[in-house]
Amino acid sequence: MRRSIFILAFLLCLVSSAFAAPIEIELVQYKPEAFRTFDSLAEKFNATHKNIHLKISSPNEPMTILKTRFIRDNYPDIIGIGGDMDFSNFQDAGLLADVSGYKGLEKIKPAYIDIINGLKFVPTPGVFGVPYMANAAGILYNKDIFDSHGWKIPETWSDFIKLCDDIKAAGILPMYFGFKDTWTTLAPWNALAVDLVRADVCQEVNLGNATFAKEYREVAEKIYSILKYAEPGPFAYGYNDACTAFARGESAMYVIGNYAIPQILSVNPTMNIDSFVMPGREDSNAHTLNSGVDIMFCVMEACPNKDAAYEVIDFLLDPENIQSYVNDQNSVPCQIGNFNLTPMLNGMRKYIDAGKMADYHDHHYPSEMAVDAQIQTYLLHGDINAFLAKFDTDWVRYNRDIIEKLKKYNASHK
């Protein structure tokens, strides 16, 4: 009798476990333009994992929605966000789990781990995100125009200026900018800054060891100097105008990142595009690619099933799934591996493979400071001293809390 009861109980356990509800993992990611790619990945995951059900949300106003949910203590399990000030604030608030023990980090290029660690307000033990995809920014160029004129890729700043002069002399517009949208001013600004200024300049200013008036002067001078190679009235045209004009062959170059490629190809699907790193200095061996973490996966500290969350990230890091994302979004994978990148990034490939890159400087700027609008105003009026002085003044104003926190950290840690 006892044996029969034991067998019956055992069978009931097997039946109940077979019909146990899967663990629900919710991932909210901030790139609505990639929703089809993520929907496909979620569908593939759920078809191959019976113990976990993955729900991926791609809202149109992701940061507004996430911050509203955080206020209400309504956390997803994983968030997919960029390496910028939002990540810094979430990490500083203790919302993100330390994933330094996650084995998948061993597959990520050290340069991208360094980039997200560089976003910490104060030195904090741990790693708080798994870099997934990156951007690469510099100069896109019309390969057919270059080939027909025999123009070579410039290796120094002098070469670049000479190239612009040669293009202009040939009756072709050298560059399109589209500065009506203030954020577009950050493309040439960042590309020059990573080549001319140390990557940790913002931290050094916070420590009182540097000023932007000194560190950014050459960047400001050079971005202003290339305005003469832009479209007539660059502040009258926006991002979409610039993408369309470049796609139609109205300029030989476009100072922007790989994120603009889908927009350009939507106008001219057969355009022959390649790219090169902005040569901001005269030392051709010292150039740095402007590349930042476009999306990383952060496990929330409040996630009750972190092992299941890691299983989801394992799936997303599978090389086949990474390649699928790269194909759809023309992205740069943060994972080590021989991935097939779009040929339009061939000119940047050696920097990507070597990990010779630095983060976008604006990823360290507080949004309240509106640096893009400040750059636009400077380019309109050309008062470099007023621009740099305001940069320093506003930096202290909008980073007062961070500067104070860093001072306290240094005082306690000597």
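Let us start at Asp383, which is partly exposed, with a relative accessible area of 45%. Asp383 sits in the loop between helix H17 (371-381) and helix H18 (384-398). From here you can get a feeling for the span of the chain: the C-alpha atoms of Asp383 and Val326 are separated by 42 Å, although the two residues are 57 apart along the chain. Please keep in mind throughout that this is a predicted model.

With that starting point in place, let us step back to the whole chain. Its secondary structure comes to 19 helices and 12 strands. Taken along the principal axes, the C-alpha atoms fill a box of roughly 100 × 55 × 35 Å. For 414 residues, a compact globule would have a radius of gyration near 22 Å, and the 24 Å of this chain agrees with that. Of the 414 residues, 54% count as buried. The accessible surface comes to about 18900 Å², and carbon and sulfur atoms account for 52% of that area. Contacts reach across the sequence too: among those between residues at least 6 apart, 77% join residues at least 24 apart.

The chain is divided into two domains, and each is built from two stretches of sequence: domain 1 takes 22-135 + 292-354, and domain 2 takes 136-290 + 362-412. Their centres, taken over C-alpha atoms, are separated by 26 Å. Where the domains meet, 23 residues of domain 1 are in contact with 27 residues of domain 2.

Let us now look at some strands, beginning with S3 (residues 78-81). Ile78 and Gly80 point one way from S3, Ile79 and Ile81 point the other way, and all are buried. S3 has strand S1 as a parallel partner, with 3 bridges between them. In this pairing, Val28 has Ile79 of S3 as its bridge partner. S3 is also joined to S10, this time by 4 bridges and in the antiparallel sense. There, Ile78 stands opposite Val299 in S10.

Strand S1 (residues 23-29) also holds Glu26. Is this acidic residue buried or exposed? Glu26 has a relative accessible area of 15%, so it counts as buried, the cut-off being under 20%. Beyond its neighbours within four places in sequence, Glu26 is in contact with Lys55, Ser57, Arg69, Pro76, Asp77 and Ile78. Ile78 is one of the buried residues of S3 that we have just met.

S10 leads us on to a helix. In helix H5 (residues 110-117), the buried residues are Ala111, Tyr112, Ile113, Ile115 and Ile116. What do these buried residues pack against? They pack against helix H4 (85-92) and against four strands: S4, S10 (293-299), S11 (332-333) and S12 (357-358).

Strand S4 is a good place to turn to the aromatic residues. The structure holds 30 aromatic pairs. One of them joins Tyr132 and Tyr325, whose rings are edge-to-face, 5.6 Å centre to centre and with 75° between the planes. Tyr132 lies in strand S4 (residues 130-134) and Tyr325 in helix H15 (residues 319-329), so this pair ties together parts that are 193 residues apart in sequence. Both partners are hidden from the surface: Tyr132 is buried, with a relative accessible area of 1%, and Tyr325 is buried at 0%. Tyr141 and Phe146 form another pair, with ring centres 4.5 Å apart and planes at 45°, so this one is tilted. Tyr141 and Phe146 are buried as well.

Tyr141 also takes us to one more strand pairing. Its bridge partner in S8 is Asp274. Strand S5 (residues 137-142) and S8 pair in the antiparallel sense over 4 bridges. S8 (residues 273-276) is covered on both faces: Ile273 and Ser275 are buried on one side, and Asp274 and Phe276 are buried on the other.

Finally, let us look at a group of rings gathered from several places along the chain. Trp189, Phe212, Tyr216, Tyr224, Tyr365, Tyr378, Phe387, Phe391 and Trp395 form one aromatic cluster. This brings us back towards our starting point, as Asp383 lies in the loop between H17 (371-381) and H18 (384-398).

Key:
Residues numbered from 1 in each chain as written. Predicted model: local features only at pLDDT ≥ 70, side-chain atom pairs only at ≥ 80, totals over all residues. Heavy atoms only, no water. Phe/Tyr/Trp six-rings, centres within 6.5 Å; stacked < 30°, edge-to-face > 60°. Helix = DSSP H or I, 4+ residues; strand = E, 2+ residues; numbered from the N terminus. Buried < 20%, exposed > 50% of the residue type's maximum accessible area, 1.4 Å probe, protein only. Pairing = 2+ DSSP bridges. Rg over C-alpha atoms; globule rule 2.2 N^0.38 Å. Contact = heavy atoms within 4.5 Å. Areas by Shrake-Rupley, 256 points an atom, 1.4 Å probe, with all protein chains shown as cover. Domains from an automatic or database assignment.
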